[in-house]
Amino acid sequence: MLPQSALLLVASLLAALPAKADGIYTRKSPVLQLNQKTYGSHIANSNYTSIVEFYAPWCGHCQNLKPAYEKAAQSLDGLARVAAVNCDEDENKPFCGQMGVQGFPTLKIVTPGKKPGKPRVEDYQGARSAKAIVDAVVDRIPNHVKRATDKDLDRWLGQNEERPKAILFTEKGTTSALIRALAIDYLGAIDVAQVRSKESASVEKFGISDFPKLVVLPSGEGAEIQVYDGELKKQPITEFLTQFASPNPDATGKAASTSANNKPKSKPKAKTPPKQSSTEEDAPTDAKEETETKPAQVPEPPKSPTCVLVLLPETISDEAATTALSSVAEIAHKHSLRGAHLFPVHSVPMTNTGSQTVRTALGLEGSKGVEIIAVNARRGWWRRYGNAEDFGIAAIEGWFDTIRLGEGAKEKLPEGLVRAGKTEPTNKEKEKEEKEEVEHDEL
Ligand SMILES: *[C@@H]1O[C@H](CO)[C@@H](O)[C@H](O)[C@H]1NC(C)=O
């Protein structure tokens, strides 16, 4: 057993800071996590309506909202975007200020305007339940669906000749969120209309006998009407429609997972084969996972609970220690100038009673000098910066890079330390959060 002091030290070092940097939504959450850049590409420039939560991880009301918000995200999947911005992240702070966020959580509904990139942004003041959120967002999904009658269907069919036409025959007078979302996906590529069952001439012309029924009139002379026979669900319909035209870049749910999608206005490369597009459609979480397992492909690695500890020797004036500290500070400074993420770094003086215990637990007791270690409490590994000869910037930065890329050997964290990192802080953190919440509920 490790002494309590060591547990506390490791608990606070391993958990406190990474917990602050981590958002409340995990990578697998249906809620998209955004920063300023991805907000621009995936929300402000989207043809979709979005709801965006501005939050701080320590805020109790934000944590209370999480289940309802994730439920809303699930219901709105394929219909609208549900996203969150962690305003506690340094890189997001100016953006949250710009958006006029004054308390947490702040929910804003972003509806596309006439001009791309100039959406209407309004505060959502409704109930914080999944249903109320879904209703408010669905209400604002843009409607590009033509409601055609016997009188004007032919005229509509004659417009934009090069585009295929999709027509939903329905008994309903309202335009569902699903058909509105499909019209957004294919905006400019397939024109979408809705015709009521009582428009008998049109119904007869298309030979419709049961409702609802979706048909497509492909472009081109003498093209035959194609009848959709599948379920009235987004994914199979998308598969069907993609035979006739490619959906727009922001049509799939894969947004915000990487910055690969940063050029929202670029046209889809070529006709996307139906198979591929349909897998994209239902695989937003897979796309997110990909960035986790292949960090080398994304410019910024996903935030990880890895942190770096600089274990200082007894004498602070130790030359190697001074060099190591100033190198690490310089690297951190460089990163922050670029707005890039660096692992949280803590220095641990020898006077800290836990310091020696950590050295012992990690088998570094023989070392009296400065030690730099990287620890990932969640995954249960640690690594030692082994180059006692060189604490220069280049060498340490190179070592950081190997961690980032997941290269090199990792040691297993001894049991006690890991458990301390996982269980100890929760109560302690809770207290801390409660305190902070009282102090910071307003920005
Ligand atoms: C939005 O719709 C237009 C057609 O009006 C389309 O060209 C554009 O690619 C769409 N934008 C996105 C981000 O998909």
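Me: How many residues sit between E13 and E14 in their hairpin?
Reply: Look for the short link between two paired strands. In this predicted model, four residues separate E13 and E14 in the hairpin. The turn includes Gly 380, whose phi is positive at about 75 degrees.

Me: In which sense do E13 and E14 pair?
Reply: Follow the bridges. Strand E13 (residues 371-376) and strand E14 (residues 381-384) are antiparallel, with four bridges. One to click on is Val 375, bridged to Trp 382 in E14.

Me: Which residue in E15 is the bridge partner of Trp 382?
Reply: That's Glu 411. E14 and strand E15 (residues 411-412) also run antiparallel, joined by two bridges.

Me: Moving on, which residues have the most contacts inside the largest nonpolar core?
Reply: Tyr 39, Ile 51, Phe 54 and Tyr 69, in a core of 41 residues. Helices and strands both feed into this core: helix H3 (60-75), strand E2 (50-55) and helix H5 (130-139) are among those supplying at least two residues each. Apart from it there's another core of 19 residues, including Ile 372 and Ala 374.

Me: What is Tyr 69 in contact with, beyond its neighbours within four places in sequence?
Reply: Its partners include Tyr 25, Ile 51, Val 82, Leu 107 and Ile 133.

Me: Why are H3 and H5 called oblique to each other?
Reply: Check the angle between the axes. Those of H3 and H5 cross at roughly 40 degrees and come within 8 Å. Angles under 35 degrees would count as roughly parallel, so this pair is oblique. The crossing is right-handed. Where they meet, H3 offers residues including Leu 65, Tyr 69 and Ala 72, while H5 brings Ala 130, Ile 133 and Val 134.

Methods. Residues numbered from 1 in each chain as written. Predicted model: local features only at pLDDT ≥ 70, side-chain atom pairs only at ≥ 80, totals over all residues. Heavy atoms only, no water. Pairing = 2+ DSSP bridges. Core = buried A, V, L, I, M, F, W, Y, C linked by side-chain atoms within 4.5 Å. Buried < 20%, exposed > 50% of the residue type's maximum accessible area, 1.4 Å probe, protein only. Contact = heavy atoms within 4.5 Å. Axes fitted to C-alpha atoms, helices over the stretch in contact; angles between N-to-C directions. Parallel < 35°, antiparallel > 145°, perpendicular 65-115°, else oblique. Left-handed = near helix turned anticlockwise from the far one by under 90°.
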